[in-house]
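Here is a short briefing on one protein model. Keep the sequence and the 3D view side by side as you read.

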Amino acid sequence: MPFLNRLQRWAADRPDDTAVVVAGRHLSWSGLRDAAEARTVDSGNVTVLAEPNSVDFAAAFAAAVAGDRQCAVLDPTWPEQLKAEITDRLHTAVLAPAPARKPARGPAEHSQAAPGPAPAELRDGSPDTPFLIGLTSGTTSVPKAFTRSRRSWQESFEASIEFFGLTPQDKTLAPGPLAASLNLYALAECLYAGSEFHTLESFDVGDVHTAIAHDGITRLVLVPTMLRLLSERGLAGGVDASGITSIICAGSKLDARTLEAARRWAPKATIFEYYGASELSFVSGAGLRAGAPLDAGGTGIGKPFPGVDVRILDDAGALLPDGTDGNICVRSGMVSNGYLWGDDGQALRCFDGWYTVGDQGYLAGGVLHILGRRSDMIITAGKNVYPHEVELALASVPGVASAVAAGMADDVRGQRVVAAVVPAHGGITATQLKAGLDDVLPRDKRPLQYFALAELPVTDRGKVSRQLLLDWIDSSDPRIRRLG
């Protein structure tokens, strides 16, 4: 079961307490239950939900996964043609026989549900049945689609609640889009834990600061770029974040500047960073307690989550020794069922019960070190360079606010490493950057070209895009300039 039985429990025990707040609009536990129950009448066996953040989204999502039903959550900003193509594929999947580990279903928005059973009670279905059709992000090609069982999310809830210390007294703010898996999970996790959940109609620094100041927020769930903005502008504007006790970041490892700013802005918060993947759920993580010394700049991202085993395997599935990089492989009950479509044989591989999405890393002393996706790896003059390593090294250089690295085509080397930085203050030169890397990055991994950025190249979900960096360089975008 994911969270509906728990929702019924909280609605019975605490009917008038607040469950969900979106842009100032509140729904109590009983109000959320009643709104979701009313929507089950219109829900087919699979629903495609493509809505902006609202309390209606929360009710629609709960209704769409009632009983043994399934829900596919799409980004409402995706082009209409893309959303229509995904819906068509899901309709086809409903009619096709379900392959092993990949349940076939199909759907449409709550206004366009596929034929299904009679209206379901607002209760959790069988634990091993699929309830969520996840879609990888993308705006130009059809995203890959995978499914998750109710049991996988229940086990994820138990692990994350234990690891992050979520309590019913917490008030969580996840200011990003609910269509993104990070925020959708945070909503469902809070419904499971009986904890108040907040979000906004869209991300706005001022609105987040207002919510923190006036709504008693104790917990933030967000990506590093958002945390940087909130922390630095919060410090500059005197926004009080002393009531925040935990900050949970995913998407990429936190750099030294973001950690320092977040520590100063929210001095009582434990700052969590973790590694996971939509197909794998949680893998490893670490929490920097308030007052603990900062330890930034490395590639380590904590030890395995509760209930998770991690190994590093080569491409043949052989176990690699500590300190040797290879495929980060996971064994846990939180792993997804697999793909409905889009798996090229590499997207989610299995080695005798150990699953990997192709992320590369190594283990040292029980700590997992993340190097990055194999697809991001730069091969330059026969050497393998992971952009993540270069970015972390550059972020430790004085005067660098943030950094992004990528590989450009090179007739001699195959690819050459290029890097762009957002200066912390004033300007910065290529000479300063080169000098700053002398003791922290091997010579054959250092960038051959440096650029200054007016802003980070990020997607609409707040994630840094290396391809967008290359596009900016190629088009001489005004937001980037070459450093001499």
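**A buried asparagine and its surroundings**

N183 counts as buried because its relative accessibility is 4%, below the 20% cut-off. The model is predicted. The points below start from N183, then move to the sheet, a hairpin, the helices and a buried serine.

**N183 in helix α6**

- N183 sits in helix α6, which spans residues 181-193.
- Beyond its neighbours within four places in sequence, N183 is in contact with A174, G176, P177, L178, F197 and V221.
- One of these residues, P177, also offers a polar partner: its backbone oxygen lies 2.8 Å from a polar atom of the N183 side chain.
- V223 is 40 residues away from N183 along the chain, yet their C-alpha atoms are separated by 10.0 Å.

**The nine-stranded sheet**

- Nine strands make up an open sheet with mixed pairing. Their order is β2-β1-β8-β7-β9-β10-β11-β12-β13.
- The edges of this sheet are β2 (25-28) and β13 (303-304), and each of them pairs on one side only.
- Inside the order, β9 (residues 219-222) and β10 (residues 246-249) run parallel and are joined by four bridges.
- V221 stands opposite I248 of β10. V221 is also one of the contacts of N183.
- Strands of a sheet pair through backbone hydrogen bonds, in a parallel or antiparallel sense.

**The β19-β20 hairpin**

- Strand β19 (residues 359-364) pairs with β20 in the antiparallel sense, over six bridges.
- The two strands form a hairpin with two residues between them.
- G365 lies in the turn and has a positive phi of about 65°.
- A364 stands opposite V367 in β20.
- Strand β20 (residues 367-373) is mostly covered, with five of its seven residues buried.

**Helices α2 and α3**

- Two packed helices are described by the angle between their axes and the distance between the axes.
- For α2 (residues 29-39) and α3 (residues 55-64), the axes come within 8 Å and cross at roughly 55°.
- That angle is why α2 and α3 count as oblique to each other.
- The crossing of α2 past α3 is right-handed.
- On the α2 side, the residues that meet α3 are L32, A35, A36 and R39. On the α3 side they are D56, A58, A59, A60, A62 and A63.
- An α-helix has 3.6 residues a turn, so residues three or four places apart point the same way.

**Covered helices α9 and α10**

- Helix α9 covers residues 256-265, and its buried residues are T258, L259, A261, A262, R263 and W265.
- The cover over these α9 residues includes two helices, α7 (205-214) and α8 (224-237). It also includes the strands β9, β11 (270-277) and β12 (281-288).
- Helix α10 (residues 387-395) is largely enclosed by the rest of the structure, because nine of its nine residues are buried.
- The buried residues of α10 include the charged-letter positions E389 and E391, along with P387, H388 and V390. L392, A393, L394 and A395 are buried in α10 too.

**S149 in strand β6**

- S149 lies in strand β6, which spans residues 145-149.
- S149 counts as buried because its relative accessibility is 9%.
- Not counting residues up to four places away in sequence, S149 touches P127, D128, T129, P130, F131 and N337.

How values were computed. Residues are numbered from 1 along each chain as its sequence is written. This is a predicted model: local features need pLDDT of at least 70, side-chain atom pairs count only at pLDDT 80 or more; totals for chains, interfaces and linings use all residues. Side-chain values use heavy atoms; hydrogens and water are left out. Buried means under 20% relative accessible area, exposed over 50%, partly exposed in between (1.4 Å probe, protein chains only). Contact means heavy atoms within 4.5 Å. A polar contact is a pair of N or O atoms within 3.5 Å; within protein, one must be able to donate a hydrogen and the other to accept it, and residues adjacent in sequence count only if both atoms are side-chain atoms. Two strands pair if DSSP finds at least two bridges between them. Axes are lines fitted to C-alpha atoms, for helices over the stretch in contact, and angles run from 0 to 180 degrees between N-to-C directions. Angles under 35 degrees count as roughly parallel, over 145 as roughly antiparallel, 65 to 115 as roughly perpendicular and the rest as oblique. A crossing is left-handed if the near helix is turned anticlockwise from the far one by less than a right angle, and right-handed if clockwise.
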